[in-house]
Every structure is written in C-alpha cells, then in structure tokens.
Amino acid sequence: MPRSASFDRDAVVSDAMAVFWSVGYEGAAIPELERATGLSRSSIYNSFGSKRGLFDAAVEQYLDTVIRPRLRPLLYGPGDGPGDGSGDGPGDGPANAVAPDAVIAYLVGLRAALADPASLPAQSGCLLINTAGSPIGEDTAIAATIAAYRGELRAALGRGIAAHLPRLDQSAADRLADACTGQVVAALALARIDAGSAGAAVDTALALIAAA
C-alpha cells in the first residue's frame with residue numbers, strides 16, 4: 001500500500017535495500033522500487049533526489065545495519081564502539097578488548113549464513129561486492145565506498161587475528177589478515193552462484209588461521 005507523506009525513512013530505505021541487494025542497481029526498476037517502498041516515483045525523487053540517491057541511502061544503511069554490527073566484535077570487543085582514549089569510555093580498557101575467538105566466531109557465523117539457503121547472504125551475497133562488479137561500480141564515489149568497506153573488513157580481521165594469535169609477528173599477521181580478507185571477499189562473491197565454493201573459501205580462511 002502507498003505510504004503517507006510522513007513515511008518512515010529507515011523503513012523505506014530498508015525496503016529499497018532489499019531490492020538493490022537482490023537485483024543490483026541496474027536491475028532495480030523504478031516500478032519495482034515503488035512497489036517495495038510504497039512510495040510513488042515522485043515521492044522517491046522528492047525525498048532522495050533520484051534513484052541513485054535512494055541507492056546511496058541503501059548502501060549506508062547496509063553498512064550500518066548489516067556489515068558493521070558483524071564486524072564490531074572484531075574491532076571493539078564486547079563494548080559498543082571505539083574508545084575515546086580516556087580509559088573509561090566505550091571501547092576503552094581491557095573489558096573491551098577483542099575476544100581471542102572473535103575472528104573464529106565471525107568466520108563460523110559467515111559460513112553458517114552462506115550454508116543457509118534462506119539467509120540473505122546465501123541468496124544475494126554482499127550488496128557491495130555485487131556492486132563492485134556492476135557498471136555503477138565504476139562510479140568514483142561508489143568505488144571509494146567499496147574500497148572503504150574492504151578496508152573495514154581487513155582492519156576487523158586484522159584485529160581479530162591479532163587477538164587470536166598474539167604471539168604471531170606483525171608481518172605474518174598482516175599476510176594472514178590479507179589472505180583471510182581475500183577468502184571472505186571470494187566467499188561473498190560466490191555465494192549466489194556456487195554455495196559450495198563460497199563455503200570452501202571460508203573454510204580456507206579458518207584453515208589458514210588454524211595453521212598459523
């Protein structure tokens with residue numbers, strides 16, 4: 001049903017995100033976005049400026065609600081955010097140190113999600129990885145967003161590996177984090193087309209950590 005003028009922006013963006021995640025930016029026709037969001041074409045353009053504006057909002061929501069909550073335990077431990085350096089804020093001090101098995105939990109959780117045909121990662125992979133291989137991925141701003149996402153993933157895996165293998169020298173830890181990041185990206189890229197290979201990529205990351 002059409003939404004009222006005072007629509008819930010987060011809900012609209014979430015509905016649009018599901019469409020973009022499933023069929024990509026190019027595949028998301030305005031009529032499909034109208035049906036999914038309950039907004040008319042004019043309302044979409046009035047509220048977001050363009051289909052691209054709606055996509056940009058969907059990407060930000062994807063990062064904030066799908067990606068970053070899963071990476072947070074690898075970056076900040078059980079706290080709720082980065083520390084401020086004061087020693088007594090969220091993310092400060094040993095109580096917020098990354099748990100030794102956080103990186104294993106992340107990879108095992110990803111493996112389980114990719115093995116579940118009903119999960120969005122299994123059905124649609126990763127919105128940003130998918131976008132990287134599409135025409136809009138060549139856009140400068142989109143490319144920068146994808147690169148920043150990859151950087152967040154690499155930083156999170158690096159922190160997780162450092163907590164899991166504290167005696168590993170820095171150069172070896174960096175190589176391991178790079179390799180695991182590559183395996184995770186490969187798994188997300190393969191999820192929609194070859195679930196077995198996607199799971200195998202995550203298993204390779206787990207094996208690399210175990211071997212180290």
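**Panel A. Contacts of A36 in helix α2**. A36 touches D15 and V19, leaving aside residues up to four places away in sequence. Contact here means heavy atoms within 4.5 Å. The residue sits in helix α2; helices (H or I, at least four residues) and strands (E, at least two) are DSSP runs, numbered from the N terminus. A36 is partly exposed, because its relative accessible area is 30%. The cut-offs are under 20% relative accessible area for buried and over 50% for exposed, with partly exposed in between (1.4 Å probe, protein chains only). The C-alpha atoms of A36 and A18 are separated by 8.5 Å, with their positions 18 residues apart along the chain. The model is predicted: local features need pLDDT of at least 70, side-chain atom pairs count only at pLDDT 80 or more, and totals for chains, interfaces and linings use all residues. Residues are numbered from 1 along each chain as its sequence is written, and side-chain values use heavy atoms, with hydrogens and water left out.

**Panel B. A16 of helix α1 and its partners**. Helix α1 covers residues 9-27 and includes A16. A16 is buried, because its relative accessible area is 0%. Beyond four places in sequence, A16 touches L33, T37 and L54. From A16 to L33 the C-alpha separation is 6.1 Å, for residues 17 apart along the chain.

**Panel C. Helix α2 against helix α3**. Helix α2 spans residues 30-37 and helix α3 spans residues 41-48. Their axes lie 9 Å apart, at an angle of about 85 degrees. Axes are lines fitted to C-alpha atoms, for helices over the stretch in contact, and angles run from 0 to 180 degrees between N-to-C directions. The two helices, α2 and α3, are therefore roughly perpendicular. Angles under 35 degrees count as roughly parallel, over 145 as roughly antiparallel, 65 to 115 as roughly perpendicular and the rest as oblique. I30, P31, L33, E34 and T37 of α2 meet R41, I44 and Y45 of α3. By class, this α2 with α3 contact has 5 nonpolar, 1 polar and 2 charged residues. Ala, Val, Leu, Ile, Met, Phe, Trp, Tyr, Cys and Pro count as nonpolar, Asp, Glu, Lys and Arg as charged, and the others, Gly among them, as polar.

**Panel D. Helix α4 against helix α5**. The axis of helix α4 (residues 51-76) comes within 9 Å of the α5 axis, and the two cross at roughly 160 degrees. So α4 is roughly antiparallel to α5. Their crossing is left-handed: the near helix is turned anticlockwise from the far one by less than a right angle, whereas clockwise would be right-handed. On the α4 side, the contact uses R70, L71, P73 and L74; on the α5 side, A102, V103 and Y106. The residues of the contact of α4 with α5 divide into 6 nonpolar, no polar and 1 charged.

**Panel E. Helix α5 against helix α10**. Helix α5 (residues 102-115) and helix α10 (residues 195-211) have axes that come within 9 Å and cross at roughly 165 degrees. So α5 is roughly antiparallel to α10. The crossing of α5 and α10 is left-handed. Helix α5 contributes V103, I104, L107, V108, L110, R111 and L114. Helix α10 contributes A195, A198, G199, V202, D203, A205, L206 and I209. The α5 with α10 contact counts 12 nonpolar, 1 polar and 2 charged residues.

**Panel F. S124 and N130**. S124 belongs to helix α6 (residues 120-124), and N130 to helix α7 (residues 127-132). S124 is buried, because its relative accessible area is 5%. N130 also counts as buried, because its relative accessibility is 19%. With residues up to four places away not counted, S124 touches W21, S22, N130 and R192. On that basis N130 touches W21, S124, G125 and R192.

**Panel G. Residues 83-95 and the whole chain**. pLDDT, the predictor's confidence in each residue from 0 to 100, stays under 50 over residues 83-95. The model has 17 contacts beyond four places in sequence for this stretch. Where pLDDT is low, the predicted coordinates should not be read in detail. Across the chain, the mean pLDDT is 90, and 88% of residues reach 70 or more. The protein chain has 10 helices and 0 strands. Of its 212 residues, 41% are buried. Among contacts with a separation of 6 or more, 62% join residues 24 or more positions apart.
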